[in-house]
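User: Could you take a close look at one part of this model for me, the place where the two chains meet? I'd like one connected walk-through rather than a list.

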Amino acid sequence: MSIKSRSQRQELAMLLPAVIFLIALIVVPFALSIWFSFTDQRLVPRPIPTKVIGFTNYLRMFDDPLFWQAIWNTVLFALLVVPFQLAISLGAALILNAAIPFRSVFRAIAILPLLLPMTVIVAIWAVLFRIPNGPLNAAYQWFAGSGNYVDWIGNPSTAMVSIVVLSAWATFPYQMLIYLAGLQDIPQDLYEAAKLDGAKSWQRFRYVTWPGLRNVNIFLLIITTIGALKLFTQVNILTKGGPNGATTTIIQYLFQQGYATQKVGYASAVAVFFFLAVTAIALLQRRFLKNEGEA
Amino acid sequence: MADVRFSSVRKGYGAVEVIPELDLTIEDGSFTVLVGPSGCGKSTLLRMIAGLEEVTAGTITIGGEDVTHRDPSERGIAMVFQSYALYPHMTVADNIGFGLKLSGLPKDEVAKRVADAAAILQLDKLLERKPRQLSGGQRQRVAIGRAIVRKPKVFLFDEPLSNLDAALRAQMRVELAELHTRIGATMVYVTHDQVEAMTMADRIVVLNGGRIEQAGAPMDLYRAPATPFVAGFIGSPRMNFLEGQAAKALGGDLVGIRPEHLDISAASGLWQGRLRHAEHLGSETLSYVDVEGVGSMTVKTEGEVSVAPNQLVYLSPREGQLHVFNAGKRTSI
């Protein structure tokens with residue numbers, strides 16, 4: 001056996017466990033989803049055998065107003081949460097990157113939300129959102145007078161915004177850490193050159209920091225968007241998609257169809273559509289935003 | 001007038017004093033090279049002129065104006081960094097014109113001045129490129145262009161050639177010297193390379209441990225180094241030093257002799273030694289000789305010298321070329 005082919009075999013052998021898991025946990029379920037999406041598969045097997053029904057699931061899906069509402073809610077959530085979350089992540093990263101006292105203490109505190117499971121975070125926020133006397137309403141009453149309160153998650157006009165704020169808070173440390181790494185990657189010389197060129201602090205941000213974070217921004221925009229499109233846990237625990245479908249997201253809809261009403265074939269069609277939509281969005285973002293060096 | 005004056009300047013980081021009290025005047029229109037080993041404070045001095053480093057005490061004036069606490073952009077200086085520090089997302093033209101744009105100069109005036117600088121530095125055809133599309137030498141030129149275009153009173157260079165290969169470094173040395181002649185502005189140049197210092201400077205300031213060891217014209221430093229440190233730092237190959245009895249016999253507690261001021265002979269001489277190794281460079285030969293009671297000495301001889309390893313040789317210093325030091329100070333004339 002030649003040395004080259006032996007080392008190739010070793011490489012393949014080392015890849016094998018990961019490949020097996022990938023196939024078993026991602027490729028096979030996804031292939032099954034595609035297959036199920038063309039059938040009337042139920043969650044619990046019925047005496048009547050599963051039939052292939054062609055594109056019926058897809059046609060039914062496109063006819064369902066709740067599906068379109070779920071899409072709109074998901075898009076709205078992404079449009080609200082992505083810029084908001086990236087802005088607070090960048091802001092926090094800029095503060096932690098500056099030479100402030102007790103920086104390492106603040107850094108440790110800032111990543112705390114990352115250490116909590118989403119269910120715990122949602123439970124904490126459920127307390128904050130409580131009516132009529134939760135902490136947020138207590139603060140609201142300072143301005144609006146006692147007796148007034150907002151049903152943050154029960155009111156269709158505030159439910160989505162409440163979910164947005166909660167979600168941004170829960171996961172911003174992840175983006176913040178990546179921004180922090182990106183900021184520390186920008187050579188100090190550039191800031192000094194900009195100072196010599198007469199750039200004020202805002203201009204140094206505009207002309208050195210912001211362009212220096214280009215690749216980080218592209219990466220974070222894509223993964224934060226994908227994360228936002230997958231919104232489920234918060235909604236499922238807090239609102240179950242309500243009130244009046246105001247927070248039903250595409251995954252929440254998929255879950256309801258697949259588990260609550262047991263229509264696995266139909267839910268698979270939603271999953272396949274979701275996969276294609278997310279892939280298309282990621283590819284579009286990638287196409288329009290090229291990394292530094294690719295433009 | 002754009003001389004640079006340090007008056008009782010000190011710089012410390014907490015308890016660590018990098019520059020003890022220092023006074024220095026850099027003459028208007030001079031090409032002054034600050035030279036010294038790593039950590040000697042030369043870059044700190046330069047950065048204090050630029051305003052990128054606060055002084056702990058004392059004052060710095062440029063052209064008679066106290067700039068000690070002024071913003072870097074208000075000192076009338078421009079700086080070329082070792083890393084070039086070009087804005088990676090901007091074109092060459094934008095890099096050069098950035099400072100002018102921020103100062104609110106009209107667009108056509110910025111374009112004109114960028115074009116003028118580009119013409120001087122032969123960057124005309126590269127103006128629309130990004131820094132990553134340029135070679136090291138071209139990037140260096142852009143960095144210099146960015147400095148020129150602001151028409152500063154003082155140019156500051158922080159080891160600008162250290163990222164270039166040897167051939168390009170030699171070429172850029174000449175170009176920078178020519179640029180100085182053409183512009184006539186005060187230039188302060190930091191390097192650890194004594195060849196750069198000797199070839200470009202009209203005045204060298206040798207620094208050691210934050211203190212000025214000696215300041216003067218390159219040939220003055222070469223001919224009459226004030227301290228053993230300067231004697232060892234200026235000149236290549238390094239000066240040979242005699243200590244102990246060998247030095248005492250010549251009137252000092254340390255005596256230096258440059259390799260190019262030693263004659264090597266197979267017949268007779270002041271010191272007898274055995275040739276350890278010889279490097280034949282064509283135009284010159286470097287012989288390394290182990291001299292009994294003195295140690296290893298280097299001899300630089302023009303042209304070819306036919307010597308073989310282990311051969312017995314004699315070394316003699318040339319007339320008037322001994323540098324005698326007592327208590328760390330030069331005592332020979």
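**A helix at the interface**

Analyst: Let's start just past the end of helix H9 of chain A, where A:Gly198 takes a positive phi of about 90°. Keep in mind that this is a predicted model.

Now step back into the helix itself. H9 of chain A covers residues 188-196, and its buried residues are A:Leu190, A:Tyr191, A:Glu192, A:Ala193, A:Ala194 and A:Leu196. What sits on top of them? The cover includes H10 from chain A, along with three elements of chain B: helix H1 (42-50), strand E6 (77-80) and helix H4 (136-148). So much for the helix; on to the contact between the chains.

Chain A puts 18 residues into that contact and chain B puts in 23. Between them the two chains bury about 1,800 Å², with 60% of that on carbon and sulfur atoms. On the chain A side, A:Leu196, A:Asp197 and A:Tyr207 lose the most area to chain B, and together they make up 40% of what that side buries. A:Leu196 is also one of the buried residues of H9 in chain A.

As for polar links, the rule finds 1 salt bridge across the interface. It joins the side chains of B:Arg47 and A:Glu192, with N to O at 2.6 Å. A:Glu192 is a familiar name by now, being among the buried residues of H9 in chain A. On top of that, 7 residue pairs across the interface are in polar contact, counting pairs with both residues at pLDDT 80 or more.

Which helices of chain A supply this side? H9 and H10 (201-212) each give at least two residues to the side that touches chain B. The largest share, 7 residues, comes from H9. Sorted by type, the chain A side divides into 9 nonpolar, 3 polar and 6 charged residues.

One more spot in chain A is worth a look, over in helix H3 (residues 65-97), where A:Thr74 is found. Is A:Thr74 buried or exposed? A:Thr74 counts as buried because its relative accessibility is 4%, and the cut-off for buried is under 20%. Its side chain reaches the backbone nitrogen of A:Ile250 at 2.9 Å. Leaving out residues up to four places away in sequence, A:Thr74 touches A:Ala228, A:Leu229, A:Thr249 and A:Ile250.

Technical notes: Residues are numbered from 1 along each chain as its sequence is written. Chains are lettered from A and ligands numbered from 1 in the order in which they are written. This is a predicted model: local features need pLDDT of at least 70, side-chain atom pairs count only at pLDDT 80 or more; totals for chains, interfaces and linings use all residues. Side-chain values use heavy atoms; hydrogens and water are left out. Contact means heavy atoms within 4.5 Å. Buried area is the accessible area (1.4 Å probe) that two parts lose on being put together, summed over both. A salt bridge is a side-chain nitrogen of Lys or Arg within 4 Å of a carboxyl oxygen of Asp or Glu. A polar contact is a pair of N or O atoms within 3.5 Å; within protein, one must be able to donate a hydrogen and the other to accept it, and residues adjacent in sequence count only if both atoms are side-chain atoms. Helices (H or I, at least four residues) and strands (E, at least two) are DSSP runs, numbered from the N terminus. Ala, Val, Leu, Ile, Met, Phe, Trp, Tyr, Cys and Pro count as nonpolar, Asp, Glu, Lys and Arg as charged, and the others, Gly among them, as polar. Buried means under 20% relative accessible area, exposed over 50%, partly exposed in between (1.4 Å probe, protein chains only).
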